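The following questions and answers introduce a protein model to a reader who has not seen it before. Please consult the sequence and structure while reading.

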Amino acid sequence: MRNFPLNETALRSAFMFDVIIVGGGPAGLNAALILGRCRRRVLLCDSGRPRNWASRAIGGFLSRDGCPPDTLRRIAREQLAPYPDVRVKDIEVVAAERRETGFHVLLAGGAAVSARKLLLATGVVDDLPPLPGAEAFYGRGVHHCPYCDGWELRDAPLAAYGKGASSRDQSASACCRRPGWATSRRCWMTWKPKGWRCRRRSTRHVNKP
Ligand SMILES: Cc1cc2nc3c(=O)[nH]c(=O)nc-3n(C[C@H](O)[C@H](O)[C@H](O)COP(=O)(O)OP(=O)(O)OC[C@H]3O[C@@H](n4cnc5c(N)ncnc54)[C@H](O)[C@@H]3O)c2cc1C
């Protein structure tokens, strides 16, 4: 999103909401639900690129364990339907600006809307490490969160990847050592231009990629 110069004519014609929510993932949808129940006039805009695009099933989310992520979003949208003051649009917000009268927002396609409050629920984007196969197998055999996917892969051979002696790599190492997520076949890998290097190995049964 960027700032944009909105001319006065466009500002006067902009439809006013109490809150514009940018992002229709779990965070934005939950905010819309609460605001709808508070009878606030809400516009939720979503560009349809969720963080967990690669995931097949949600793990560890109360009442939705094993549920495909798009099913969670669909159910959440259905449960917004009874709230007449909540509008959901599949559209990208391309620019936003704060003025004395509130927030002015430009949607893809050129329409302008405004609101007293602007709620950014745009999520995050993961940068995958530049490893061969990381993108192709992301969400299938390459995972970033043992709490999300560790159970499904329990007792399978496990390699944890880290780049150096940072706290992030210590987490990878800890994940590898943790009893319960994998039994004996686990190792902590680093990637060098020449290939994989196993820095710590707990067994003879390590599967190399
Ligand atoms: C591979 C993977 C697996 C995961 N598995 C689990 C799991 O098993 N259990 C669990 O609890 N969590 C899991 N997570 C974490 C979970 O995906 C996130 O915690 C959750 O999606 C965060 O929700 P969010 O609403 O903040 O962001 P998101 O779900 O990313 O939603 C943000 C939305 O904002 C939209 N957006 C962004 N910019 C704009 C814009 N300018 N205009 C309009 N819309 C915009 C995007 O298109 C997107 O739809 C996983 C994550 C990944 C990457």
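Helices (H or I, at least four residues) and strands (E, at least two) are DSSP runs, numbered from the N terminus. This is a predicted model, in which local features need pLDDT of at least 70, side-chain atom pairs count only at pLDDT 80 or more, and totals for chains, interfaces and linings use all residues. Residues are numbered from 1 along each chain as its sequence is written.

Q: In which loop does Ser 63 lie?
A: Ser 63 is not a glycine, yet it has a positive phi of about 80°. Ser 63 is exposed, with 7 other C-beta atoms within 10 Å. A residue is exposed if 12 or fewer other C-beta atoms lie within 10 Å of its own, buried if 20 or more do, and partly exposed in between, with C-beta atoms placed from the backbone. Its place is the loop between β2 and α3.

Q: Is Asp 155 buried or exposed?
A: Asp 155 belongs to the loop between α5 (146-149) and β7. Its phi is positive, near 65°, in a residue other than glycine. With 11 other C-beta atoms within 10 Å, Asp 155 is exposed.

Q: What separates the C-alpha atoms of Ala 160 and His 143?
A: Ala 160 is part of strand β7 (residues 158-161). It is buried, as 23 other C-beta atoms lie within 10 Å. Although Ala 160 and His 143 are 17 residues apart along the chain, their C-alpha atoms are separated by 9.5 Å.

Q: Which element gives the largest share of the largest nonpolar core?
A: A nonpolar core is a set of buried Ala, Val, Leu, Ile, Met, Phe, Trp, Tyr and Cys residues joined through C-beta atoms within 7 Å. Of the 21 residues in the largest one, Ile 20, Val 42 and Val 105 touch the most other members. At least two residues each come from β1 (15-22), α2, β2 (42-45), β4 (93-99), β5 (102-107) and β6 (112-120). The largest share, 5 residues, is that of β1.

Q: Why is α2 described as roughly parallel to α3?
A: Axes are lines fitted to C-alpha atoms, for helices over the stretch in contact, and angles run from 0 to 180 degrees between N-to-C directions. Helix α2 (residues 26-37) and helix α3 (residues 69-80) pack with axes 10 Å apart, at an angle of about 15°. This makes α2 roughly parallel to α3. Angles under 35 degrees count as roughly parallel, over 145 as roughly antiparallel, 65 to 115 as roughly perpendicular and the rest as oblique.
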